[in-house]
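Trainee: I'd like to zoom in on just one part of this model, the place where the ligand sits. Could you walk me through it?

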Amino acid sequence: MNALKNFLDKTNQLLTAGKLLKVSLSHYKGNIEDLKQCIVKPILIKQKLKLSFTYRYKTKDLFKNYDLGEGVEKIGQYINAGFQAATLFSASNQLNLTLHPKGHYILRDEKQQSQQKKVNQISLLKHDKQKQRDIPENTPFLKALGLTNEKGEVYKIAQDKFKQINHYIKLLKPAITELGSDNINVVADMGSGKGYLTFALYDYLSQLNSNVKVIGIEYRKDLVEFCNQISQSENFNGLNFKQGTIINAELPESDLIIALHACDTATDDAIYKGIKNRSQMIVVAPCCHKQIRKEMEKNKPSEDLKLIIKHGIFLERQAEMLTDAIRVLWLEYFGYKTKALEFISDAHTPKNVMLIALYKKEPSSKTKQEILEKLNNAKKFYGITLHHLEYLLTQNHLI
Ligand SMILES: C[S@@+](CC[C@H](N)C(=O)[O-])C[C@H]1O[C@@H](n2cnc3c(N)ncnc32)[C@H](O)[C@@H]1O
């Protein structure tokens, strides 16, 4: 019985340290029909660490989440109820628990030695990298948002978010430097969601400009309350979240307008607000692009495009590129120099384009005319009668 107890203790230990990758239960000989395997992984739900159980049956998977203590107990119960093997995975260990034919358990540490070397190398690299991060692991707001543990270490399952936060700051830095952080006093983050990126930007900017105010606009009340609570507990006096829609948000004059993964035309709402407000900088990472896709499907573009749009996936990607290319042209029309970059690796999400626009100067009427021609030609070629951003600009007499 000691081997089983040690296995569960080790699971608990790794879990608390944020180092558990997964536990796999196999060789099922119990009474539940067709049950083959059970995979247990840590998961963050509403900023709380839980254990997610995937029960693999012959023809289906079932899922259930448990609080940590109860989850570890369940692992023990399942092993006693028929799983004759269990494996615990962490970066440095692979512990195998097996039931011996004589009825006792045997515990073996498969990878400890060979893995330890690798882990040491990784942590050296990590240490080097950590020094260069704009938002280091031990930044307090990361813990408040549930991304790091008591020791200020990023949970395994929060690694992607942590990387995204730092990559975001890295992408924005050149434009912030070009504009001058003293000129960035009011920032509006539209569709701020759970606020990870809003907190990161505030944390970064407030070190350069102590007067900076960042406002998150979000229509989900629960997220607004959650973010305001954390902002207060972290004493982020210049960071506030307001409930509302992007299009109706009443903002002070904002130097920087941001919309990251705001759905469909909400990105256009944010760009429109930025243009209307004459914001010095507009940053968007568009999300889904339904509006243009529907237009293309409805109005049938030119013959030359049929070979592309007859396939749904090509049509979707074409619509994405086109929507963003049209956004860039409108930004240029209003005097913004715009860069299109990869926001996050497409291994994580296909919605990975970021547009960073900096206001330069009002273009000449000749340049504006040329841009309008490009826009009209593109719309004709792709069968688009209206782009939502153009609609907003027209309705509000900006063009
Ligand atoms: C996919 S999340 C992205 C959150 C955050 N910007 C990020 O990138 O991590 C999009 C958020 O925008 C909010 N949202 C979408 N459209 C909105 C609108 N028109 N007005 C206000 N909030 C909106 C949603 O409620 C959601 O929380």
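Which residue has a side-chain N or O atom 2.6 Å from an oxygen atom of the ligand?

Mentor: That's Glu218: an N or O atom in its side chain lies 2.6 Å from a ligand oxygen. Bear in mind that this is a predicted model, where local features need pLDDT of at least 70 and side-chain atom pairs count only at pLDDT 80 or more, while totals for chains, interfaces and linings use all residues. Numbering runs from 1 along each chain as its sequence is written, and side-chain values use heavy atoms, with hydrogens and water left out.

The Glu218 pair is a polar contact (N or O atoms within 3.5 Å). Two more involve backbone atoms and ligand nitrogens. For Ile246, a backbone N or O atom is 3.0 Å from a nitrogen of the ligand. Tyr219 likewise puts a backbone N or O atom 3.4 Å from a ligand nitrogen. Taken alone, the ligand has 600 Å² of accessible area (Shrake-Rupley, 1.4 Å probe), and the protein covers 81% of that.

Now the surroundings. There are 14 residues around the ligand (a heavy atom within 4 Å), and Gly191, Glu218, Ile246, Leu260 and His261 come nearest. So Glu218 and Ile246, which we met through their contacts, turn up again in that nearest group. Sorted by class, the shell has seven nonpolar, six polar and one charged residues; Gly goes with the polar ones, while Asp, Glu, Lys and Arg count as charged.

As for the space itself, the ligand takes up the second largest pocket. A pocket here is an open set of points on a 1 Å grid over the protein atoms alone, with protein on both sides within 12 Å along at least five of seven lines. A molecule sits in one if more than half of its atoms lie within 2 Å of its grid points.

Key: A polar contact is a pair of N or O atoms within 3.5 Å; within protein, one must be able to donate a hydrogen and the other to accept it, and residues adjacent in sequence count only if both atoms are side-chain atoms. On a 1 Å grid over the protein atoms alone, a cavity is a set of points where a 1.4 Å probe fits but cannot get out, and a pocket is an open set with protein on both sides within 12 Å along at least five of seven lines; lining residues have an atom within 4 Å of a point.
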